[in-house]
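Open the model in your viewer and keep the sequence panel beside it. This tour tells you what to select next and what is there.

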Amino acid sequence: MNPFFKQVYAVVEQIPYGRVVSYGQIARMLGRPRAARVVGWAMRCCPEHLPWQRVVMADGSITGGMYANIRKALLVAEGVTFLMDGRVDMKSCSWPG
């Protein structure tokens, strides 16, 4: 497994219940501020036991194609709040790491 992917998964594993983090935040936490896209690639093959639903776009948008609705339902069940336009309320739910 790619060593950077392992680092990404170690961060994702720590995201608390009811909180979210952006791809870019994870990249910055790992000292690679321009690697948000690589974080996204890592999340495409994220191990199932990790809280993958807690990683969202910087503006709170939910990605995931056909899994976006599942991701949103999981976040709603965790108490994550959403804005009127369907994006996660990053001001109230973002995890600073």
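For the lining counts below, Ala, Val, Leu, Ile, Met, Phe, Trp, Tyr, Cys and Pro count as nonpolar, Asp, Glu, Lys and Arg as charged, and the others, Gly among them, as polar. This is a predicted model, where local features need pLDDT of at least 70 and side-chain atom pairs count only at pLDDT 80 or more, while totals for chains, interfaces and linings use all residues. Residues are numbered from 1 along each chain as its sequence is written, and side-chain values use heavy atoms, with hydrogens and water left out.

**Stop 1: the largest pocket**

Select Y23, M43, R44, G64 and R71. Of the 15 residues that line the largest pocket, these lie nearest its centre. A pocket here is found on a 1 Å grid over the protein atoms alone: it is an open set of points where a 1.4 Å probe fits, with protein on both sides within 12 Å along at least five of seven lines, and lining residues have an atom within 4 Å of a point. The space inside is about 440 Å³. That volume is the space filled by probe spheres set on the points, with grid points joined across faces, edges and corners.

Now colour the lining by type. Eight of its residues are nonpolar, three are polar and four are charged. Helix α3 supplies the largest share, five residues. Helices are DSSP runs of H or I with at least four residues, strands are runs of E with at least two, and both are numbered from the N terminus.

**Stop 2: G40 in helix α3**

Select residues 36-44, which form α3, and pick out G40 within the helix. Is G40 buried or exposed? G40 counts as buried because its relative accessibility is 18%. The cut-offs are under 20% relative accessible area for buried, over 50% for exposed and in between for partly exposed, with a 1.4 Å probe and protein chains only. Draw a distance from G40 to S22: their C-alpha atoms are separated by 9.7 Å, across 18 residues of chain.

**Stop 3: S22 in strand β1**

Stay on S22, which sits in strand β1, residues 21-22. S22 is buried at 4% relative accessibility. Show its contacts, meaning heavy atoms within 4.5 Å. Beyond four places in sequence, S22 meets R28, V55, V56, M57, A58 and M90.

**Stop 4: the largest nonpolar core**

In soluble globular proteins, nonpolar side chains tend to be buried together. A nonpolar core here is a set of buried Ala, Val, Leu, Ile, Met, Phe, Trp, Tyr and Cys residues joined through side-chain atoms within 4.5 Å. Select V8, Y9, V12, I26, V39, M43 and V55, which touch the most other members of the 19-residue largest core. The elements giving two or more residues to this core are α1 (3-14), α2 (23-29) and α3. The largest share, six residues, comes from α1.

Centre on I26, in helix α2. I26 is buried, at 0% relative accessibility. Leaving out residues up to four places away in sequence, I26 touches V8, V11, V12, V21, V39 and V55. From I26 to V8 the C-alpha distance is 6.9 Å, with their positions 18 residues apart in sequence.

Move to V39. Leaving aside neighbours within four places, V39 is in contact with F4, V8, Y23, I26 and A27. Apart from the largest core lies another, of seven residues, among them V80, V88, M90 and C93.

**Stop 5: the cysteines**

How many disulfides are there? The count is zero, a disulfide being a pair of cysteine sulfur atoms within 2.5 Å. Select C45. The closest cysteine sulfur, in C46, is 8.2 Å from the sulfur of C45, too far for a bond. C45 is partly exposed, at 48% relative accessibility. C93 is in no disulfide either, as the nearest cysteine sulfur, that of C46, is 20 Å away. C93 is buried, with a relative accessible area of 4%.

**Stop 6: L75 and Q14**

Select L75 in helix α4, residues 68-77. L75 is buried, with a relative accessible area of 0%. Outside four places in sequence, L75 touches V20, Q53, R54, V56, I62, V80, F82 and V88.

Finish at Q14 in helix α1. Q14 is exposed, with a relative accessible area of 52%. The C-alpha atoms of Q14 and T63 are separated by 20 Å.
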